[in-house]
Each structure stands twice: as C-alpha cells, then as structure tokens.
Amino acid sequence: MFGNLVLHLAILLIFAPLLLGIITKTKAWFAGRIGAPLLQTYYDLARLWRKGFVFSRTTTWVFLLGPVIGLAVPLLASLLIPFGALPAPISFEGDLILFVYLFGLSRFFTAAAALDTGSSFEGMGAVREVTFSCLAEPTMLFALLVLTRLSGGLSLDTLFGEHLISSWQSEAGASLGLIMVCLFVVLLLECSRIPFDDPNTHLELTMVHEVMVLDHSGPAFGMILYGAVLKMMVLGALLVRLAIPWNTGWWLSDAALFLAGLCVLAVIIGVVESIMARLRLPRVPQVLIGTSLLSIFALVLVLR
Amino acid sequence: MMELTNPLLLTVILINFFTLGSARLVACIRIVAVQGALLALLPLAVHGFTAHAMLLSAGALIFKGVFIPLLLLRAIREVRIRREMEPIIGFVPTLILGALMTAGAFLFADFLPLAAEHHDGLFVPTALATMFSGFLLLITRRKAITQVLGYLMLENGIFILGVLLSEALPLLVEGGVLLDLLVGVFVMGIVMNQINREFSSIDTESLTALKE
C-alpha cells in the first residue's frame, strides 16, 4: 500500500516534465529544427525555483492560492487512477466524480487568481477557460459513464481495470474507440494545446490559459508549469490505460509499458500540434459540443 | 464478416455528424464521397465475393465515391463558393438535432418487427440515422449544393437498407436507385446553374421571392 503510493508519486513527479520535452522535440522535428533539449522543462523548473516572488500590490492571498491548488490537485487526482497496470493507491466507490471535480476546483482557483490581479486581459482569459472547460465536462463524464456501464463498478480503479480487454473484443469496442477520441480532445483542451489554445502565443487577445498566468513569477510560475505537466500526465494516463489494457504481472515492466505509452501519446500530441492550425475561438465550443454528442452516442451504443 | 461491418457503419454515422457540423463545402463533399466509398465495401462484407455483390459495390464505388463527388466539386469551382454561410438552423443546433435523431433511430429500430438476424446489428439503425441526417441537411441548408449532398446522404441510407435486401431485391431495382440519383444530381446541377445565372447567387431563398 505505502510502497504503491510512493511508486505512484515517484513516477508522476519524475517523468511528467519529460512529456513536454517530447512534444517540443516532435514539433521541432516536424519544423526541421533541432529544438530545445528533452530535459528543458526540468531546467526551466529549476531556474524558476531559484528566483524570487514578485507580487503586485493589488493582489491578495487568493493570488498565491491559484498555483498552490493547481499543483496539489493533479497530485491528489493521480492517487485515484491506475497508472497502466499499477493499481490506484486510493480507491472508493464514486471516486470518478471526485476526480472530475478536483480539476474543477483547480480551475476555479486559477481563474480566481487571474481575476484577483484586476487586469482586464486576465479576466478575459479566465472567462474563456471557464467556458471551454464547462463544455468539456459533459464529454468527460459521459465517457466515464460508458466505462461504468461496461465495468459495472463505480471506482476509477474498476473502470480502468481488468474488464477492458474483454470489452475491446466485444461489441463495445466501438464505444471504447469513440470515448478514446473524446478523451483525447478533452486532454488537448485541458492542457491548452493546439487546436484549442496555443501554448507559445503571447498575444493577449488570443491567449486562453497563458493569459491567466501572466502575472505569476518565480516559484509561483514554476508551480503552475509543474501543475500543468502533472495534469497532462494524469489525463494522459487514462488514455494510455484505455489503449494498453494488458497487465504484465511484474511492477517494473508494467511501469515501463505505461511510460512507453505516455511517450507515444506525447509524440501524437506533437504531431497534432504540427499539422493542425488553431481553431477560431467561436469554433471551439462547436467542437466541444460535437465531442459531447459523440460520447453520448457511445453511451447509447453500450446501453442498447 | 460481421467484425468488418460494425466499424464501417460506425464510421458512416460519424461522417453524418461531421457533415451536419461542418461549414466547409469542399470538406463536406469529400467526406460524403468517402461515405459512399465505404458503403461500397458493405455488400462485399455482408454477402462475400459473389458476382452480384461485386457488381453492386463496383457500381456504388463509381457513382457515389467518384463520379458524383467530382461533378459536385466541378460545380462549386464554377460557381465559386466555399462555405455554407447562413444555414436556416445554426450548425450546433443541427448537430444536436442530428444526434437526437440518431439516438431516436437506435431506439426506434429496437421496436421494428425485423428478421431475427437483423435485430441486433447496426444496419437498420444506421440506415435510419443516415436517412434522417440527409433529411436534416436538405431542410436546414440554403445552398443548393448542400441540399444535393443531403439528397446523396439520404440515398446512402437507402443503400444500406438495400444491401440487407439485395438477396431478395432484383438488381434492376438497385440500378434504378443509382440512376435516380444521377438524374437528381443532373437536375440539381442545371437548377444551380440557372439560379446562378439569374440571381448571381445559388441561394434557394431567392427562388421564393417574386420578381417583376
């Protein structure tokens, strides 16, 4: 139990920043550049940690709470889900609701911290972020409902458990394929990647997530960066488990398989970012409603 | 061969959704062409490589997958339109309606008194859903070209039902369906050209207004 917990957190904390490096490398490879080193995110985190805080006089304690909650939530959420074949350290009936709304909590505090600065740009970013993610929530919940129906359990550990292999081979395989697409879209949105948000843009009018964290600096910004990569790994873990449902039986090979899956996922995200343009802002809600409908359709397929 | 038909039919439904939600005409035409080509695989997947099935699928591939889409692409090159500007009902409401109709088709198909071997498959619900989506496209879009696409999709739905019946249905009827479609496209092409020449736009709304 305790060893499991330590292993879970160690995998998450050590390997999460690597994913961002792989995405950047893939994009650089597509553009014909050499690109930043794979470990660039680790260097960035170390650099930010050594710097000092700069606080605007208009901000209050809420401003610091945003990054702290943003870092704590993915850590907590990671304990509820299995990493590949490694079982979740904490598991109880109905923890899927907690999992979804933990991210709601972190979003609330990130948006509150952005509003706390009193900058109109950050307010705009907060509005966009909240709008988009409230549209992404039904997709996520319906996708989990499909898994609930297939597995017959209510905890994430059962949802992503042994039943996946037989489900893939049965009629429900199509539904699983559909919800994989839906979860991938949610992952891209929640981690503010292209086509929903461009992590590299620094034009306030088009930024979504990036504009909310403009005023954070030093260790606080480091926490936001770290929280973002942890979130990507946690959401990616769901997708990887769906795609690779096998257990090897030995914890080390299980962990290796899981990490290999995550690396492939990161490469796929990099490819998507390289070949797609960013969507216009009014198109984003349309896409999200489309994926919600897809996941509802997947549910209809398993219910009949 | 059942394991091939289910993903095929699901892709057909996904293409329905895409067409209902997309504003780009070229993409819509291409994706409906893909839908036609996928449906051409269906007779082979269901009946195996018999002469009848091969003839059916070759016909479907040539007409639905190649010939008619090429005609439509040429038509939009000539009248120079790229996007459906203002549908009568917006894209998101159409998409939601489409999803409701698809769910409805699945529920409705369960109540139909079908032959036992068709009862659990995706065939009948997919056929109904595709027909409904075609209707929806016909009703909600203003541009004549999207209406042709709706008609095509409607015909695709009928084709799925036809595949189930093709053992019982004579080849002549299937040929008639394809010919029907071709005539329909020709008529629409002529109408489109005519509207374009008279009104310098292919908005069908202009047809309802009287002019001295």
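**Chain B, its contact with chain A, and one helix of chain A**

In this predicted model, 40% of the 212 residues of chain B count as buried.

Colleague: How many helices and how many strands does chain B have?

Modeller: Read along its sequence, chain B follows the pattern α-α-α-α-α-α-α. The secondary structure of chain B therefore has no β entry in that pattern, and the count comes to seven helices and zero strands.

Colleague: What share of the contacts in chain B with a separation of 6 or more comes from residues 24 or more positions apart?

Modeller: A contact here requires C-beta atoms within 7 Å. Among contacts in chain B with a separation of 6 or more, residues 24 or more positions apart account for 72%.

Colleague: Which element gives the most to the side of chain B that touches chain A?

Modeller: On that side, 14 residues of chain B are in contact with nine residues of chain A. Two elements of chain B give two or more residues each, helix H1 (2-21) and helix H4 (91-111). With nine residues, the element that gives the most is H4(B).

Colleague: How do the residues on the side of chain B that touches chain A divide into nonpolar, polar and charged?

Modeller: The side in question consists of the 14 residues of chain B in contact with chain A. They divide into 10 nonpolar, three polar and one charged.

Colleague: Which residue follows H5(A), and what is the sign of its phi?

Modeller: Helix H5 of chain A covers residues 120-151, 32 residues in total. From first C-alpha to last it reaches 46 Å, close to the 46 Å expected at 1.5 Å a residue. The residue that follows H5(A) has a phi near 80°, hence a positive one, and is A:Gly152.

Methods:
Residues numbered from 1 in each chain as written. Chains lettered and ligands numbered in written order. Predicted model: local features only at pLDDT ≥ 70, side-chain atom pairs only at ≥ 80, totals over all residues. Helix = DSSP H or I, 4+ residues; strand = E, 2+ residues; numbered from the N terminus. Expected span 1.5 Å × (residues − 1). Contact = placed C-beta atoms within 7 Å. Nonpolar A, V, L, I, M, F, W, Y, C, P; charged D, E, K, R; others polar. Buried ≥ 20, exposed ≤ 12 C-beta atoms within 10 Å, placed from the backbone.
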